[in-house]
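Visitor: Hi, have you got a few minutes to walk me through this one? I'd like to start with some side chains.

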Amino acid sequence: MNDRPPETQPVGRRLSSRMGETQRIGVRGLTLAVDLQGDGAPVLFVHGFPEFWYAWKNQLDAFSRDHQAVAVDMRGYNLSDKPTGVKAYRPKQLVEDLRQLIDHLDGRPCILVAHDWGGAVAWNLAVAHPEYVSRLVIINAPHPVLFARALTSNPEQIAASQYMLLLRDAKAERVLSKDNFQRLEKMLRAQAGDSLGWPSSTDLELYREAWSQPGSLTGALNYYRASPLYPLSSQELGATAVTLNARDFTVTVPTLVIWGERDQALRPVLVEGLDEVVRDLTLKRIPDGSHWVIHEQPDLVNRLIGEFISTA
């Protein structure tokens, strides 16, 4: 396979006047769709499930004033390529995507901002390739050591993570796509609520369009199917079969963790003990923030990120 990236090409539609140029970038023989806005040193934004680059619209607008703000569709999502098979979504593959994307952007080391599944990949990138990350910002995404620990010993987190068993199941695509993706819409609304104005009808239209891309739903679900970190079930051992040594997963780059404490899927226990695995840690808890805190309180999130990266 030819690993030389093709020329960067515009792709997709511009979603609003606040968005930048959506392009395809060649990485490792596949293409990733990215939205770029502004000039300067890159800040790379990495989304989680079940979102796509558009999740960062508020951050792209804010940080493109002083940086090149880049939001990527992770492999398997929306307009990025969707390799077949669960093995293509193992952590090492996802980390390598980001590493080579940073090289393409000539951004080494870059500021890396990530949420949910994007955060899971970002933790691993910072561990394996600290020279690629100048500042790490994690938003409601557990460090792998603490997540593995909680999935085997914390009843509250074990109960909160039961949804992962559905997302790993072969019936997940059918269940989640039924009635025009009603179950996925419910996941977005469950914690934030309509009173916050998110997701708007426009947001939902764009999310449904992304979910409807051929192969997108399976690609997104394969992140869960490829991960060894999930609750014990009657069929599988899950995280109980995994042993992670904290010394092997220690993060050495300066790290800001922003945590919405009303997150019903990722409980506050997941930030307890972070200082064991992050040498230079800043932790900001948002008591009234949910899993979707980047949408609920974008100004606060942007301020916290801006204050942190200004010390670089």
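Visitor: Trp 117 and Tyr 224, buried or exposed?
Guide: Trp 117 and Tyr 224 are both buried, meaning under 20% relative accessible area, where over 50% is exposed and anything in between is partly exposed (1.4 Å probe, protein chains only). Bear in mind that this is a predicted model, in which local features need pLDDT of at least 70, side-chain atom pairs count only at pLDDT 80 or more, and totals for chains, interfaces and linings use all residues. Residues are numbered from 1 along each chain as its sequence is written, and side-chain values use heavy atoms, without hydrogens and water.

Visitor: Good to know. Which rings are linked into a cluster with Trp 117?
Guide: Ring pairs join Trp 117 to a cluster with Phe 49, Tyr 77, Tyr 89, Tyr 163, Tyr 223 and Tyr 224. Rings of Phe, Tyr and Trp (its six-membered ring) pair when their centres lie within 6.5 Å; planes under 30 degrees apart are stacked, over 60 edge-to-face, and the rest tilted.

Visitor: How many aromatic pairs does the whole structure hold?
Guide: The search finds 16 aromatic pairs. One of them is Phe 45 with Phe 63, a tilted pair with 6.1 Å centre to centre and 45 degrees between the planes. Phe 45 sits in strand β4 and Phe 63 in helix α1, 18 residues apart, so to speak of distant parts of the chain is fair. Phe 45 counts as buried because its relative accessibility is 0%, and Phe 63 is buried too, at 7%.

Visitor: And what kind of pair do Trp 117 and Tyr 224 make?
Guide: An edge-to-face one, because the ring centres of Trp 117 and Tyr 224 are 5.6 Å apart and the planes are at 85 degrees. Trp 117 belongs to helix α3 (residues 117-128) and Tyr 224 to helix α9 (residues 216-226), so this pair ties together parts 107 residues apart in sequence. For the names, helices are DSSP runs of H or I with at least four residues and strands are runs of E with at least two, numbered from the N terminus.

Visitor: How covered is α9?
Guide: Mostly covered: 10 of the 11 residues in α9 are buried. The buried ones include Gly 219, Asn 222 and Arg 225.

Visitor: Back to β4. Which way do its residues point?
Guide: Pro 42, Leu 44 and Val 46 point one way from β4, Val 43 and Phe 45 the other, and all are buried. In a regular strand, side chains alternate between the two faces of the sheet.

Visitor: Which strands does β4 pair with?
Guide: β4 runs parallel to β5 (residues 68-72), joined by five bridges, and Val 46 stands opposite Val 72 there. β4 also pairs in the parallel sense with β6 (residues 110-115) over four bridges, where Leu 44 faces Leu 112. Pairing takes at least two DSSP bridges between the strands.

Visitor: New topic: where are the charges over rings?
Guide: Arg 168 lies over the face of Tyr 230, 3.5 Å from the ring centre. The charged end of Arg 135 sits over the ring of Phe 308, 5.8 Å from its centre. The rule is NZ of Lys or CZ of Arg within 6 Å of the ring centre and within 35 degrees of the ring normal.

Visitor: What about cis peptide bonds?
Guide: Arg 108 to Pro 109 is cis, with omega near -5 degrees, and Pro 109 lies in the loop between α2 and β6. Trp 198 and Pro 199 are also joined by a cis bond, with omega about -5 degrees; Pro 199 is in the loop between α7 (172-192) and α8.

Visitor: Which residue in the loop between β5 and α2 should I look at?
Guide: Try Asn 78, which sits in that loop. Its phi is near 50 degrees, a positive value in a residue other than glycine. Asn 78 counts as buried because its relative accessibility is 7%. Asp 106 has a positive phi as well, near 55 degrees, but Asp 106 is exposed at 69%.
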